[in-house]
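Q: Please take a close look at one part of this structure and explain how it sits within the whole. I am new to this structure, so a connected account would help.
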Amino acid sequence: MIVSRNPKAPIQDLARLVQDNPELSGVTLGDLFEAGGGRKRGKGKTSGGGSKGGGKRNVRTEAGREAFDAEVLEALKALGGDTIAATDLRASLGADSTQLRTSLNRLIEKGLVTFTGKARGTRYSLAS
């Protein structure tokens with residue numbers, strides 16, 4: 001994220017960052033770009049496989065979107081499957097809010113999920 005937010009930062013600054021934070025020594029430039037979504041500003045870490053707690057998932061491919069949609073359905077089931085707030089889903093999945101909303105919209109279009117309410121009052125349920 002630091003690279004994507006500061007594309008003009010010199011390598012020297014990155015070296016200093018790693019020197020001051022040895023836990024970063026195993027992080028690759030690829031990891032940094034994935035975490036930041038390339039040049040886009042991102043929140044959280046990217047999880048290539050879409051595992052729980054991974055923040056942003058790689059949903060640029062059809063397979064990635066399908067895997068994330070399956071995770072969302074599983075989380076809905078685990079939370080009772082009826083009238084679940086997006087914030088609860090997001091916390092359960094450790095998911096990025098934009099990707100979660102997009103996934104829920106795909107699942108609604110497929111008829112697998114229903115919703116009631118508006119804005120913060122929106123609640124999601126598994127379709128019967």
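A: Accessible areas here come from the Shrake-Rupley method with a 1.4 Å probe, and for residues only the protein chains shown count as cover. On that basis, the protein chain has an accessible surface of about 8,300 Å², and carbon and sulfur atoms account for 53% of it. The model is predicted. The part chosen for the close look is helix 4, which covers residues 62–78.

A short outline of the whole comes before the detail. The protein chain contains six helices and three strands, and from the N terminus on these run α-α-α-α-β-α-α-β-β. Of its 128 residues, 30% are buried. If one takes the contacts between residues at least 6 apart in sequence, 48% of them join residues at least 24 apart.

Confidence varies along the chain. The mean pLDDT is 78, and 66% of the residues reach 70 or more. Among the elements, strand 3 (residues 123–126) has the highest mean pLDDT, 97, while helix 3 (residues 29–36) has the lowest, 57. In residues 37–53 the pLDDT is below 50, although this stretch has 40 contacts in the model beyond near neighbours in sequence. Where pLDDT is low, the predicted coordinates should not be read in detail.

Now to helix 4 and the core. The largest nonpolar core has 15 residues, and those that touch the most other members are Val72, Leu76, Leu89, Leu93, Leu100, Leu104 and Val113. Helix 4, helix 5 (86–93) and helix 6 (97–109) are the elements that give two or more residues to this core. Helix 4 supplies the largest share, five residues. The contacts of one core residue show how these helices meet. Not counting residues up to four places away in sequence, Leu100 touches Phe68 and Val72, as well as Ala86, Leu89, Arg90, Leu93 and Ala95. Phe68 and Val72 fall within the range of helix 4, while Leu100 falls within that of helix 6.

Helix 4 also takes part in charged pairs. Side chains of opposite charge can pair when their charged atoms come close. The structure holds four salt bridges. In one of them, Arg65 pairs with Glu62, with the closest N and O atoms 3.1 Å apart. Both residues lie in helix 4, three residues apart, about one turn of the helix. Arg65 has a relative accessible area of 24%, and because this lies between 20% and 50%, the residue counts as partly exposed. Glu62, at 44% relative accessibility, is partly exposed as well.

A further salt bridge reaches out of the helix. Asp69 pairs with Arg106, and their closest N and O atoms are 2.8 Å apart. Since Asp69 lies in helix 4 and Arg106 in helix 6, the pair ties together parts that are 37 residues apart in sequence. Asp69 and Arg106 are both buried.

Glu74 and Lys77 form another salt bridge, at 3.6 Å from N to O. These two residues are again in helix 4, three residues apart, about one turn of the helix. Glu74 counts as partly exposed, at 45% relative accessibility. Shared partners also join salt bridges into one network, made up of Asp69, Arg106 and Lys110.

What follows helix 4 can be traced through Leu79. This residue is found in the loop between helix 4 and strand 1, and it is partly exposed, with a relative accessible area of 36%. Beyond its neighbours within four places in sequence, Leu79 is in contact with Ile84, Asp88, Leu89 and Ser92. The C-alpha atoms of Leu79 and Ser125 are 9.8 Å apart, though the two residues are 46 residues apart along the chain.

The loop leads on to the strands. Strand 1 (residues 84–85) pairs with strand 3 in the antiparallel sense over two bridges, and Ala85 has Arg123 in strand 3 as its bridge partner. Strand 2 (residues 113–116) also pairs with strand 3 in the antiparallel sense, over four bridges. There, Phe115 stands opposite Tyr124 in strand 3. The hairpin of strand 2 and strand 3 has six residues between the strands, and in it Gly117 takes a positive phi near 85 degrees.

To return to the chosen part: helix 4 gives five residues to the largest nonpolar core, and its Asp69 is joined to Arg106 of helix 6 by a salt bridge.

Conventions
Residues are numbered from 1 along each chain as its sequence is written. This is a predicted model: local features need pLDDT of at least 70, side-chain atom pairs count only at pLDDT 80 or more; totals for chains, interfaces and linings use all residues. Side-chain values use heavy atoms; hydrogens and water are left out. Buried means under 20% relative accessible area, exposed over 50%, partly exposed in between (1.4 Å probe, protein chains only). Contact means heavy atoms within 4.5 Å. pLDDT is the predictor's confidence in each residue, from 0 to 100. A nonpolar core is a set of buried Ala, Val, Leu, Ile, Met, Phe, Trp, Tyr and Cys residues joined through side-chain atoms within 4.5 Å. A salt bridge is a side-chain nitrogen of Lys or Arg within 4 Å of a carboxyl oxygen of Asp or Glu. Two strands pair if DSSP finds at least two bridges between them.
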